[in-house]
Structure formats: structure tokens, C-alpha cells
Amino acid sequence: MSIVIPTLTNVTAWEFPEDAEAGKAALLEHWTQPSPVETWLRAYAFTMGELATAIIQAAKVAPQHVYVDKSQYQAETEMQALCKTVAETPNVDLTIGTSPAGAGFIAHTKAFVDRDGNCWEGATNFSESAWHQVNTALQFVSPEWRDLIVAGFNRDVAYAWSSEASLQIMSKEPVLAVV
């Protein structure tokens with residue numbers, strides 16, 4: 001579904017690897033700010049220990065929702081350990097899945113949105129090496145984009161739990177959050 005975003009504001013763009021430190025710092029700042037808010041994160045790769053720690057800390061204040069790609073989870077022992085740690089954290093739900101188009105397709109998104117409409121969309125994975133690759137990322141504010149991403153996130157979570165339940169490491173299906 002395409003949308004028109006009439007209220008896109010506060011856009012910051014990074015070009016990696018030149019902006020690696022600034023982009024990484026901006027990403028982590030979202031979860032380490034004094035008052036973190038409910039956030040939905042989709043990750044193709046999720047091997048950044050700093051990001052996992054920041055999500056765990058933010059969950060002490062606000063719910064955190066994470067969706068990671070099956071292929072990366074199954075192939076990466078580092079990612080498996082991080083996912084298990086995050087999934088065991090109170091106030092965090094973590095879903096492992098593919099695409100609702102079928103298990104042969106990946107969940108390739110690298111993004112987050114939060115309840116306040118803050119958004120991150122990028123080509124860069126959430127891994128240490130990604131910041132040194134030729135990648136880009138945008139950070140902006142858009143309630144319309146947030147709503148679209150949360151709706152898609154919830155669709156993907158529902159699909160993963162109904163069609164890919166064997167992939168899940170949490171003991172029960174998360175309650176789908178709405179904004």
C-alpha cells in the first residue's frame with residue numbers, strides 16, 4: 001500500500017561509511033534518551049550488542065516490539081544469543097519470521113518507528129559491520145509512516161505466529177499494539 005506523507009518533518013540523512021559514527025549514535029540515542037517511548041523495530045540483521053542493550057533498558061520504561069528475519073536468526077549464533085536475551089526481557093516482544101508472501105522470502109526491512117512518529121528507515125542493517133558498508137539511512141518524523149509501519153508490523157507478527165510458530169522463541173504470542 002502506498003501513502004502520501006504530507007507531514008514529513010525533521011529529516012536527517014546519512015551516507016555510510018562516511019557518516020558511520022553519527023548515524024550509529026543517532027540510532028542508539030533513540031533508545032537511550034531520558035524518556036524512551038514504545039517502539040517497533042524490524043531488522044533483517046540484528047547483531048548490534050549496543051542496540052540490544054539499549055532496547056532492554058528502554059523496555060523498563062516503555063514497551064518494545066522487535067521483528068527479525070528468520071534467515072539471519074538461523075544462520076547467526078550471535079544473533080540467536082541477542083534475540084534470546086531480548087526476548088526474555090519484560091516489556092519486550094520479539095518475533096522471528098519471513099514475509100507474508102511466503103517462507104521463501106525474507107523480511108528485509110531495517111527500520112523503526114515509535115509512538116511519537118519518530119522514524120528510521122535505511123538500507124543499513126543493525127550490525128557492527130553495516131556502518132562501514134555503502135549504505136544510507138533516513139531519520140524523520142511522520143505519523144502517517146508510523147501508522148503504515150505499525151500496521152505492517154502487526155500483519156507480519158500475526159503471520160509469523162500463525163504460519164511460522166515453530167520459529168518463535170517466546171512462549172506466547174505477543175498482543176498486537178496499536179497507536
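**Exercise 1.** Is Arg 42 buried or exposed? Find the partner of Arg 42 in a salt bridge, then place both residues in the chain.

*Solution.* Start with the source of the values. This is a predicted model: local features need pLDDT of at least 70, side-chain atom pairs count only at pLDDT 80 or more, and totals for chains, interfaces and linings use all residues. Residues are numbered from 1 along each chain as its sequence is written, and side-chain values use heavy atoms, with hydrogens and water left out.

Step 1. Arg 42 has a relative accessible area of 10%, so it is buried. The cut-offs: buried is under 20% relative accessible area, exposed is over 50%, and partly exposed lies in between (1.4 Å probe, protein chains only).

Step 2. The partner is Asp 156; the closest N and O atoms are 2.6 Å apart. A salt bridge here is a side-chain nitrogen of Lys or Arg within 4 Å of a carboxyl oxygen of Asp or Glu.

Step 3. Arg 42 sits in strand 2 (residues 39-43) and Asp 156 in helix 5 (residues 143-163). The two are 114 residues apart, so the pair links distant parts of the chain. Helices (H or I, at least four residues) and strands (E, at least two) are DSSP runs, numbered from the N terminus.

Step 4. Check Asp 156 as well. Its relative accessible area is 7%, so Asp 156 is buried.

**Exercise 2.** How many salt bridges does a search of the whole structure find? Describe those that involve Arg 155, Arg 146 and Lys 24.

*Solution.* Step 1. The search finds six.

Step 2. Arg 155 pairs with Asp 156, with closest N and O atoms 2.8 Å apart.

Step 3. Arg 146 meets Asp 147 at 2.8 Å, N to O. Arg 146 is buried at 13% relative accessibility. Asp 147 is partly exposed at 36%.

Step 4. Lys 24 belongs to a network of salt bridges with Glu 50 and Glu 128.

**Exercise 3.** Which peptide bond is cis? Then examine phi at Asn 10 and Asn 91.

*Solution.* Step 1. Recall the background: most residues other than glycine have a negative phi, and most peptide bonds are trans.

Step 2. A cis bond joins Phe 16 and Pro 17, with omega about 15 degrees. Pro 17 lies in the loop between strand 1 (9-16) and helix 1 (20-32).

Step 3. Asn 10 has a positive phi, near 50 degrees. Asn 10 is in strand 1 and is exposed at 61% relative accessibility.

Step 4. Asn 91 also has a positive phi, about 75 degrees. Asn 91 lies in the loop between helix 4 (77-87) and strand 4 (92-97). At 40% relative accessibility, Asn 91 is partly exposed.
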